[in-house]
Amino acid sequence: YKLSVSPEMDIMEYCRKEWRGNTPVAKRMRKGYEAVAQKFASIRRIRGDNYCAFRATLFQALSQATQLPSWLQSEDLTMLPENLLNKYDWIKQWQLKQKPTKKMGEISDEIKEYLILLRKKWKNISETKDPIEKQEACDKLFKNEEEEYSLYEALKFLMLNTAIELYNDDKNGRRVPVFSWLLFARDTSSNPCQLMHNHLNHIGHTGGLEQVEMFLLAYALQYTIQVYRLYKYSTDEFITLYPNDPEEDWPVVTLITEDDRHYNIPVRMCQETML
């Protein structure tokens with residue numbers, strides 16, 4: 001039984017435990033944590049498998065959710081797997097978690113179930129008004145491995161859908177965000193099919209999210225993901241936003257990383273910050 005999101009701990013206490021030495025790296029990390037501690041009192045460790053970017057982002061989004069995002073309310077959401085599979089034959093090679101041999105019809109049904117689960121959980125948690133109850137509901141969800149991984153499959157599929165939309169927009173001469181060019185400029189993902197085969201199918205199994213895929217996740221969720229990148233302390237990349245030109249009305253979630261590979265979450269905003 002593995003804890004997906006550890007209980008909270010004082011940020012500076014955590015930092016002192018993790019970064020004891022006097023190396024330049026340890027000093028920089030301590031400075032970084034001190035800066036985060038100006039805004040947040042505690043940290044919660046996120047379990048370090050290849051899903052940690054999903055886990056940290058989704059946990060933060062649900063913890064502060066007060067309503068269901070409009071894209072989750074849409075009737076078309078549950079038709080998405082079927083509609084995409086009808087248009088793009090190659091999606092049959094979508095790799096479901098630990099189930100590489102599923103047939104096309106089953107893939108569509110299974111992903112539909114994951115999307116419905118995502119909507120249901122988001123709705124229930126956002127309707128929970130009491131902050132303590134809300135936190136307990138989030139903690140409970142992230143202790144249920146079966147449900148948790150199903151939600152990550154839903155997120156991956158939403159990322160694929162967003163990538164297809166961006167790719168088509170670009171081909172049809174519509175304006176797309178800069179990260180979209182970077183996403184499809186990689187040798188390994190020059191189109192959505194390659195993106196699926198070489199990247200999305202591997203997330204959670206053999207790799208996590210790369211920088212450019214953090215942008216894609218943010219777009220898929222219509223959330224701004226703000227990340228304290230501690231090893232970039234004292235540079236202008238210390239606090240990075242995905243996307244870097246966010247929409248005004250997108251909610252913001254905050255993560256912490258020491259290396260752009262593993263993400264933890266800061267919690268409990270300091271009172272003066274909230275004012």
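Here is a short chat about why certain labels apply in this predicted model.

User: What makes Glu 8 and Arg 268 a salt bridge?

Analyst: The cut-off is a Lys or Arg side-chain nitrogen within 4 Å of an Asp or Glu carboxyl oxygen. The side chains of Glu 8 and Arg 268 meet at 2.6 Å, N to O, so the pair passes. Glu 8 sits in the segment before strand 1 and Arg 268 in strand 6, so the pair ties together parts that are 260 residues apart in sequence.

User: Why is Arg 268 called exposed, and why is Glu 8 called partly exposed?

Analyst: Exposed means over 50% relative accessible area, buried means under 20%, and partly exposed is in between. Arg 268 has 55% relative accessibility, so the label is exposed. Glu 8 has 37%, so this residue counts as partly exposed.

User: How do you know that Glu 127 and Lys 123 form a salt bridge?

Analyst: Their closest N and O atoms are 3.0 Å apart, and the limit is 4 Å, so they qualify. Both lie in helix 6 (residues 104–127), four residues apart, about one turn of the helix. At 47%, Glu 127 counts as partly exposed, and so does Lys 123 at 37%. Elsewhere, salt bridges that share partners join Arg 229, Lys 232, Glu 237 and Asp 260 into one network.

User: What about Asp 89 and Lys 92, what makes them a salt bridge?

Analyst: With the closest N and O atoms 2.8 Å apart, the pair is within 4 Å, so the name fits. Asp 89 is partly exposed at 48%, and Lys 92 is partly exposed at 35%. A search of the whole structure turns up 17 salt bridges.

User: Why are strand 2 and strand 6 said to pair?

Analyst: Pairing takes at least two bridges. Strand 2 (residues 40–44) and strand 6 have four, in the antiparallel sense, so they pair. One partnership puts Phe 40 with Met 269 in strand 6.

User: And what makes strand 5 a partner of strand 6?

Analyst: Two bridges join these antiparallel strands, and at least two are needed, so the pair counts. Thr 257 stands opposite Tyr 263. The two strands form a hairpin with five residues between them, and Asp 260 in the turn has a positive phi of about 65°.

User: Why is helix 11 described as mostly covered?

Analyst: Ten of its eleven residues are buried, so each of those ten falls under 20% relative accessible area. Among them are Phe 215, Leu 216 and Tyr 219. Just after the helix comes Gln 222, with a positive phi near 55°.

Key:
Residues numbered from 1 in each chain as written. Predicted model: local features only at pLDDT ≥ 70, side-chain atom pairs only at ≥ 80, totals over all residues. Heavy atoms only, no water. Buried < 20%, exposed > 50% of the residue type's maximum accessible area, 1.4 Å probe, protein only.
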